[in-house]
Amino acid sequence: MLNGPAFKSVAPVYGELVKEHVTLFERQINIDKKDMDLEKRGAYYLFKSHPRKFVVSSRPLITTLFYCCFYHWEAGDVNSYSSTKDLMLSSVLPEDSIKSPVKLEKDFKLTRKQFLYTALAARTKLKKWDEVEKLLTEKGWFKSKWTADIGMDIVVDVLHRYSATRDVIQKYVKLIDDLELRFKMAAKVKSYAVAAEALISLKDQQQLIKYREKIPAVEATVHSRIEKALSDSSLRWK
């Protein structure tokens, strides 16, 4: 029965869900309307270099977040521009804060992991490496340190999936603390030097010999490093 005790106990929950869906849909409609106008007027450079392939209306929340992280990373952040001209060329007008990824995160109570994963994917797809680094860096009193709430192995997986450059992937795969996991991910993304060094640090001679067979001959430096390690009598293998 819709008026029974069980329904009454869950009605507030369903009510909040419906309210959230309506709020999201209204925002999506506004985003599409404003972006279609920018697109028609040719007023936004990113729509020229990366034409929109879909509208966000009725899309899932995470898809909408990805869209905003991709096209409107700076939305609402007026302080990041040195002039009104830069603002006009780089992003949407500041009053278009409905497009702000950070506002989307806050308004819909997304977790830090959801935001970080989605933002990382979007900025990687645009090859914005400085912004990727900022996403993964936590500033302290005296220095910055690497941090990844989603795990550095997940970071590497996202970078690989969205076709980051080899140098960028290698930079982050080195930051995986667990040596076995570092080897696994390095082998997956074909970061041969990092994978070999992980096995050497693990003192896993048998695995290193097996892995050597999978490394292309053109990776002469890596082969040389492996041969040097295998012939090093000071190393105590497992």
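Helix H3 (residues 61-71) supplies four residues to the lining of the second largest pocket, the largest share of that lining. The model is predicted. The volume of this second largest pocket is about 240 Å³. Its lining includes Phe66, Tyr67, Phe70 and Tyr71. His50, Pro51, Arg52, Lys53 and Phe54 also line the pocket, as does Lys125. By residue class, six of the lining residues are nonpolar, three are charged and one is polar. Empty space of this kind is revealed by rolling a probe the size of a water molecule over the atoms.

Several of the lining residues also meet Leu46. This leucine is found in helix H2 (residues 45-49). Leaving aside residues up to four places away in sequence, Leu46 touches Pro51, Phe70, Tyr71 and Leu126. Pro51, Phe70 and Tyr71 belong to the pocket lining as well. Leu46 and Phe70 are 24 residues apart in sequence. In space, their C-alpha atoms are 9.2 Å apart. Leu46 has a relative accessible area of 5%, so this residue counts as buried. The cut-off for that label is under 20%.

The cysteines Cys68 and Cys69 were examined next. A disulfide is a covalent bond between the sulfur atoms of two cysteines. The structure holds zero disulfides. Cys68 is in no disulfide, and its nearest cysteine sulfur, that of Cys69, lies 7.2 Å away. Cys69 is likewise in no disulfide, with the sulfur of Cys68 as its nearest cysteine sulfur, 7.2 Å away. A disulfide requires the two sulfur atoms to be within 2.5 Å, so a pair at 7.2 Å does not qualify. Cys68 counts as buried because its relative accessibility is 0%. Cys69 is also buried, with a relative accessible area of 0%.

At the level of the whole chain, the protein has 13 helices and two strands. The protein contains 238 residues, and 38% of them count as buried. Contacts were also sorted by separation in sequence. Among those between residues at least 6 apart, 56% join residues at least 24 apart. The protein exposes about 14,800 Å². Carbon and sulfur atoms supply 55% of this exposed area.

Notes. Residues numbered from 1 in each chain as written. Predicted model: local features only at pLDDT ≥ 70, side-chain atom pairs only at ≥ 80, totals over all residues. Heavy atoms only, no water. Buried < 20%, exposed > 50% of the residue type's maximum accessible area, 1.4 Å probe, protein only. Contact = heavy atoms within 4.5 Å. Areas by Shrake-Rupley, 256 points an atom, 1.4 Å probe, with all protein chains shown as cover. 1 Å grid on protein atoms, 1.4 Å probe; cavity = no way out; pocket = protein on both sides within 12 Å on 5 of 7 lines; lining within 4 Å. Points joined across faces, edges and corners; volume = space filled by probe spheres on them. Nonpolar A, V, L, I, M, F, W, Y, C, P; charged D, E, K, R; others polar.
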